[in-house]
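Colleague: Can we go through the ligand site in this one? I would also like to ask about a residue elsewhere.

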Amino acid sequence: MDRIIINGGQPLSGTISISGSKNACLPIMAASILTDQNINLSNVPNLEDIKTMSKVLTSLDVEVDTSKANENKITLKYLNTGKSIAEYDLVRKMRASILVLGPLLARKRHASVSLPGGCAIGARPVDLHLNALAKLGAEFKLDRGYIECSAPKGLKGEEITFPTISVGATESLLMAATLAEGRTKLNNIAIEPEVIDLIHCLQSMGAKIEITDQRTVIIEGVKELFGTSHNIISDRIETLTYVIAGALTGENLKIENIQLEHVSNVLEIFKSLNIDFSFNNSSLNINKTKIFQGIELETREYPGFPTDMQAQLMVLLSKANSESVITENIFENRYMHVPELNRMGANISVEGKKAIIKPSEKLIGAEVMATDLRASVSLILAGLIAEGETVVNRVYHLDRGYEQVESKLKNVGAVIKRV
Ligand code: UD1
């Protein structure tokens with residue numbers, strides 16, 4: 001099994017280019033089921049999760065042309081044969097596989113999708129997807145680990161208010177409603193940039209979707225959707241992760257190919273921590289910050305502070321000049337990186353949803369274990385500033401969501417290798 005070894009303490013200087021957003025790309029790939037025509041995607045990150053989604057879609061008879069994957073381009077074409085079963089062996093690798101359910105129901109009126117796996121963070125149920133699809137007329141039963149779904153009379157538009165905000169459930173319903181009969185109104189939707197990117201792609205396929213206010217969207221069902229070409233947005237979580245790397249150890253580190261409008265909410269918070277950066281529309285320049293302020297903050301749905309940045313922020317806050325408190329509101333059990341960071345000399349305690357981060361003078365390299373995607377990158381960040389050698393085990397989590405992390409860091413001066 002691969003491990004990453006880092007010798008900490010090197011300044012990072014040069015340019016890091018940000019990849020396309022995995023979380024935007026996955027639902028857009030699933031949306032290929034909504035049309036028989038070609039979906040040409042560019043700025044597609046070369047990542048394990050994208051490969052897993054390609055396999056899920058291939059098993060459902062989507063032709064996925066990956067011959068230009070090295071240029072970050074793929075083409076998908078749904079052959080619309082009879083297949084509508086997403087098997088356990090594929091779905092268990094990635095929770096986002098559930099995103100094929102809505103499109104399959106809309107096109108085939110039937111789908112059988114294994115209950116998903118994915119990162120081991122909390123219970124992560126799919127009830128919000130199922131309850132909302134049921135309101136459009138779908139019926140469900142659980143059979144030997146598979147969700148068996150059908151909509152014998154097709155899907156029909158409805159008004160749905162999500163009881164809590166969910167990125168995935170919003171995406172499922174957006175896709176299903178594009179081909180439903182009549183008008184669907186969705187209230188209390190997620191408005192993450194990745195959701196908006198899906199809406200833009202669906203619109204370019206011919207869907208009639210209008211965001212009417214902050215968290216409400218209206219979809220007028222259409223008879224068919226068409227092929228399109230779509231450029232995936234830049235990954236805001238990858239961007240912010242490298243901003244933290246730069247704040248910890250940058251010397252004029254440039255981060256390019258960013259979408260400033262998607263990260264400005266978090267950059268405002270970073271400013272209040274004293275992080276030293278400047279930016280223009282598509283790049284950021286960042287230097288090591290001498291003294292960080294401690295902070296009290298909560299993870300929230302966009303435009304709040306993203307749960308996907310919580311682990312990385314914790315590394316930075318362990319170098320602050322005063323105590324910090326983070327409250328994790330989105331996922332239970334998302335503090336599995338804390339014991340590993342503490343083994344490197346951090347001083348973090350967890351009380352329920354709260355993590356209290358006390359300043360620690362220095363981090364010291366150790367052998368640590370990655371437990372999920374964002375936890376693994378937080379250990380890499382810790383390794384970059386730790387004294388001596390850090391060995392990060394189980395880096396397959398990292399490969400699910402960070403494109404070429406070692407070479408991107410190595411190119412700007414980190415001493416990092418994979419063995
Ligand atoms: C997406 C992102 C993930 C990010 C998360 C929150 C993708 C592929 N993944 O995940 O990186 O951390 O948004 O920003 O885009 N929930 C239910 N029932 C459901 C669905 C969700 O209870 O049917 C709960 C979840 O357990 C969680 C909360 O709702 O507590 C938010 O989850 P959700 O927004 O759906 O996250 P994902 O779409 O899975």
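Ligand shell

Modeller: The shell around the ligand divides into 7 nonpolar, 5 polar and 5 charged residues. Keep in mind that this is a predicted model.

Colleague: How many residues surround the ligand, and which are the closest?

Modeller: There are 17 around the ligand, and the closest are Asp 127, Leu 128, Ser 166, Asp 308 and Ile 330.

Colleague: What does the side chain of Asp 127 do there?

Modeller: An N or O atom of the Asp 127 side chain sits 2.7 Å from a nitrogen atom of the ligand.

Colleague: And which atoms lie by the ligand at Asp 308 and Ile 330?

Modeller: Asp 308 places a polar side-chain atom 2.6 Å from a ligand oxygen. At Ile 330 a polar backbone atom is 2.5 Å from an oxygen atom of the ligand.

Colleague: How much of the ligand does the protein bury?

Modeller: The protein buries 83% of the 740 Å² that the ligand exposes when taken alone.

Colleague: Which elements give two or more residues to the shell?

Modeller: Helix H5 (127-135) and helix H6 (167-178). H5 gives the most, with 3 residues.

Colleague: Which domains does the shell draw on?

Modeller: At least three residues come from each of domain 1 (3-19 + 234-418) and domain 2 (22-231).

Colleague: Change of topic. Where is Glu 194, and is that residue buried or exposed?

Modeller: Glu 194 lies in helix H7, residues 193-204. Glu 194 counts as buried because its relative accessibility is 6%, and the cut-off for buried is under 20%.

Colleague: What is Glu 194 in contact with?

Modeller: Leaving aside neighbours within four places in sequence, Glu 194 contacts Ser 21, Asn 23, Ala 24, Glu 171, Ile 233 and Arg 236.

Conventions:
Residues numbered from 1 in each chain as written. Predicted model: local features only at pLDDT ≥ 70, side-chain atom pairs only at ≥ 80, totals over all residues. Heavy atoms only, no water. Near = heavy atom within 4 Å. Polar contact = N/O pair within 3.5 Å; in protein donor to acceptor, adjacent residues only side chain to side chain. Areas by Shrake-Rupley, 256 points an atom, 1.4 Å probe, with all protein chains shown as cover. Helix = DSSP H or I, 4+ residues; strand = E, 2+ residues; numbered from the N terminus. Nonpolar A, V, L, I, M, F, W, Y, C, P; charged D, E, K, R; others polar. Domains from an automatic or database assignment. Buried < 20%, exposed > 50% of the residue type's maximum accessible area, 1.4 Å probe, protein only. Contact = heavy atoms within 4.5 Å.
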